[in-house]
Amino acid sequence: MRRRLLSLILIWIFASISSVYSQVRPPQLGRNSVEEVIAAMTTEEKVRLVVGMGFVFPNPSLQTEEDRNTPEKVPGAAGRTHAIPRLGIPSLTFADGPAGVRIKAIRERDTSRTYYATGFPIATLLASSWDTDLVNRVGVAMGSEARDYGIDILLAPGMNIHRNPLGGRNFEYYSEDPLIAGKIAAAFVRGVQSNGVGTSIKHFAANNQEFNRFQSNSIVSERALREIYLKSFEIAVRDSQPWAVMSSYNRINGIAASERSDLLTTILRGEWGFKGIVMSDWWGGTDATLQMQAGNDLLMPGTVVQTQAIIKAVNDGVLSKKTLDQNVAHILNMILQTPSFKGSKYSDQPDLKANADTARQAATEGMVLLKNDSGTLPLTAPGKIALFGNASYDLIAGGTGSGDVNKKYVISLDQGLLNARYTLDESLRKAYLRFIENQKEKRPEVDPFRLPPPIAEMDVETKQLEQLARDADAAILTIGRNSGEFVDRKVDDDFNLTAAEKTLMQNTANAFHAQGKKVVVVLNVGGPIEIGSWRGLVDAVLVAWLPGQEGGNAVVDVLSGKVNPSGRLATTFPMSYSDVPSAKTFPGKELPGVAPSGLNPFGDKPSESTYDEGIYVGYRYYETFGVSPACEFGYGLSYTTFSYGNVKLSSDKFLVVTASVSVTNYGKVPGKEVVQLYVSAPKQGLPKPALELKAFAKTKLLKPGESQTISFTLSPKDLASFDPASSSWIVDPGVYTIKVAASSSRIKSSASMNVAKQVVVQKSQKLLAPTVSLRELSR
Ligand code: BGC
């Protein structure tokens, strides 16, 4: 009896203490439920959470003094969120980007050491590997650097579609095809996130140009959105659950992407099952309340104006508490997973050596050999090379803007060749190095975030060329192209060669061919350039892309045959710019009037871009309308040759079918082949492209004579098209041809299967529809 009384007294004392304690100490994130934490938050605290922690640029008065004075945890990171210590909510740190962790390498408060990050190859190169395991490894490496530098979310991958080769940020994106972009992105996301840090896939959606990027309206049909521009994001979300999605700057059919609840909530969360947060692109959108209502949970980098607008909207009853709480809940649930919440210690000592090795290996796997007449490559004997072109000595490792990385070094091609014991013509090398240095000194100061003006090619006299051709064993000429945020590329002197480049190429070819010596062109480019008019002049062409900090070594690994090239184009090289299906409508036109109020730090003008090519983007256009590109989608050579067996289907009646094919290396050196599966749909039903990529795989390194059987399984979702009339994904009945191929036009083996009756794969509703009539290209 006395014992029971004692325990009752103890329980009463304990209950009273915890009740007093909980009045003093509010709910804590992690210890209490997210709902309890939200219930304890004031409106001001909720708004502190949904508005990021400011940025000094472009206008310091856009942030509070308190924010301005809060020291950055990681100098140079792109943004932070507010901490709310009372509730156990930490501040998060976000850093760009697709090619490496973009932070400051030198810290003012700590000059005793450096904080360099690895410069990995650009996204377009990674996609050209067609190797999801490789991209996963790059993600693991990049994510480990993010973790080691105290970052919570990496603002990557960029995964917009290459609608037009002039897109200024195409290098940050993967492909013209949504399947490749989606699968490669998912592999990357899984790799990064395996380190316990997050990713923010971007820029959602239809953000395919830089021209007036804050104000441009992408006018796109529902079908093109679903099948092309949203598809890559859908695959990445379903396959890899990124922690965050970054909404894009542009408008889609009249409304800012960050203000569209059909995009950010109905489709992203409702149809695809996204569980993370949506953050805006930096200063994107114009109306903070609409953004909250749309499900754009976090406004980055956040401004005082937005904070005031949201508080007012809540007080005026314009923004419901329920909506704001939902945004806050998304953010809190995501915070629970972060290193900052878990209090993880970070070393600030990433393994830069191991990651440089990964960067080098990845770079070699994504380079694409476009031409190799009479076995010009590999350059097996380490002979003497006459090395031409500014970019040979000043290699472009990556693009500019937020996709850039503060890396410790870049291996140029001359260094790469010397490292591999090739001999260079030293007088030519010295002349180039001097020339480049002089030109750079003369160049006006440019903001390091922006694209510097290119240096015109050095003039090499015919006499000197003749001497070099007598002396050296071969010539290598590098053509360089850079691009970056804010501006799209141009046709003249960018997509097309400059007059100086043409002259140099012609004269080099004349001089070296007169001596019976070969000329190799290396394309150090972020995207396609015109090659049809000049490739006949030279013996070999290698697309090295923007290969990251180990670029020079990686190019030489391929040129020397240490690595057999296995990259394939994930974006078409058209014959001429005018062949591009969006040539006439890209990047759109400026409209009269002024930009709507709100944030527009770069003074962009209202403009619109009409995607009247519809679903016929890239190879979907070239193959359907019989326009021959210079090098088609999926194309790339190897130093060996592959043969394909007959494709076998598990059934000739479709619902789920497995296609298998055996691939054999019948050449003389080991190599990897990219096996591509395209499907041609029957004529009845919705009009379809001539063929569409539905699956792909890269073989292992096959020894001469070795074979591998590759199998792909197709289900109705893979074959479905979006029918705008019924707002659903459907598979039309009829006979489908499965084509196993080495590129979009090199079909190796085909088989057919029948779909007995229409399959409705998923029903949706009318969303994102254009508000103006759109005359789209059709078959
Ligand atoms: C870019 C984003 C980037 C952000 C933060 C924006 O200008 O569009 O891709 O993540 O800045 O640096």
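User: Which residues touch the most other members of the largest nonpolar core?

Analyst: Good place to start! In soluble globular proteins, nonpolar side chains tend to be buried together. Here a nonpolar core is a set of buried Ala, Val, Leu, Ile, Met, Phe, Trp, Tyr and Cys residues joined through side-chain atoms within 4.5 Å. Buried means under 20% relative accessible area, exposed over 50%, and partly exposed in between, with a 1.4 Å probe and protein chains only. The largest core has 158 residues, of which F388 and L523 touch the most other members. Helix 7 (residues 178-193) gives the most to this core, with 9 residues. A second, separate core of 44 residues includes L29, V51, A288 and V328.

User: Before we go on, what kind of model is this?

Analyst: The model is predicted, with local features requiring pLDDT of at least 70 and side-chain atom pairs pLDDT 80 or more, while totals for chains, interfaces and linings use all residues. Residues are numbered from 1 along each chain as its sequence is written, and side-chain values use heavy atoms, leaving out hydrogens and water.

User: What does L523 touch, not counting residues up to four places away in sequence?

Analyst: A contact means heavy atoms within 4.5 Å. With those neighbours set aside, L523 touches I479, I529, I531, W534, V541, L542, V543, A544, W545 and F573.

User: Which residues come nearest to the ligand?

Analyst: A residue counts as near the ligand if one of its heavy atoms lies within 4 Å of it. There are 13 residues around the ligand, with D96, R169, H203, D281 and E485 coming nearest. The shell divides into 5 nonpolar, 2 polar and 6 charged residues. In that split, Ala, Val, Leu, Ile, Met, Phe, Trp, Tyr, Cys and Pro are nonpolar, Asp, Glu, Lys and Arg are charged, and the others, Gly among them, are polar.

User: How should I read the polar side-chain atoms that lie at the ligand, such as that of H203?

Analyst: Look for polar contacts, which are pairs of N or O atoms within 3.5 Å; within protein, one must be able to donate a hydrogen and the other to accept it, and residues adjacent in sequence count only if both atoms are side-chain atoms. A polar side-chain atom of H203 is 2.7 Å from a ligand oxygen, and one of Y249 is 3.0 Å from a ligand oxygen. E485 has a side-chain N or O atom 2.7 Å from an oxygen of the ligand. The protein covers 93% of the 310 Å² of accessible area that the ligand has on its own, by the Shrake-Rupley method with a 1.4 Å probe; for residues, only the protein chains shown count as cover.

User: Is R213 buried or exposed?

Analyst: R213 is buried, at a relative accessible area of 3%. The residue lies in the loop between strand 4 (198-204) and strand 5 (216-219); helices (H or I, at least four residues) and strands (E, at least two) are DSSP runs numbered from the N terminus. Beyond neighbours within four places in sequence, R213 contacts R169, Y249, N250, E485, F486 and D604.

User: Where does K517 lie?

Analyst: K517 is in the loop between helix 21 (499-514) and strand 14 (518-524), and counts as buried at 17% relative accessibility. Its side chain reaches the backbone oxygen of R470 at 3.0 Å. With neighbours within four places in sequence left aside, the contacts of K517 include A469, D471 and D539.

User: Why is helix 8 called largely enclosed?

Analyst: Because 8 of the 8 residues of helix 8 (residues 222-229) are buried, this helix is largely enclosed by the rest of the structure. Charged names appear in that list, including E222, R223, R226 and E227. In helix 3 (residues 43-50), the buried residues are E45, K46, V47, L49 and V50. Their cover includes helix 2 (34-39), helix 11 (288-294), helix 12 (304-315) and helix 13 (321-335).

User: Which peptide bonds are cis, and which residues have a positive phi?

Analyst: Most residues other than glycine have a negative phi, and most peptide bonds are trans. Here the bond from M300 to P301 is cis, with omega near -5°, and P301 sits in the loop between helix 11 and helix 12. Another cis bond joins F586 and P587, with omega about -5°. S374 has a positive phi of about 40° and is exposed at 65% relative accessibility. L768 has a phi near 65°, yet is buried at 3% relative accessibility.
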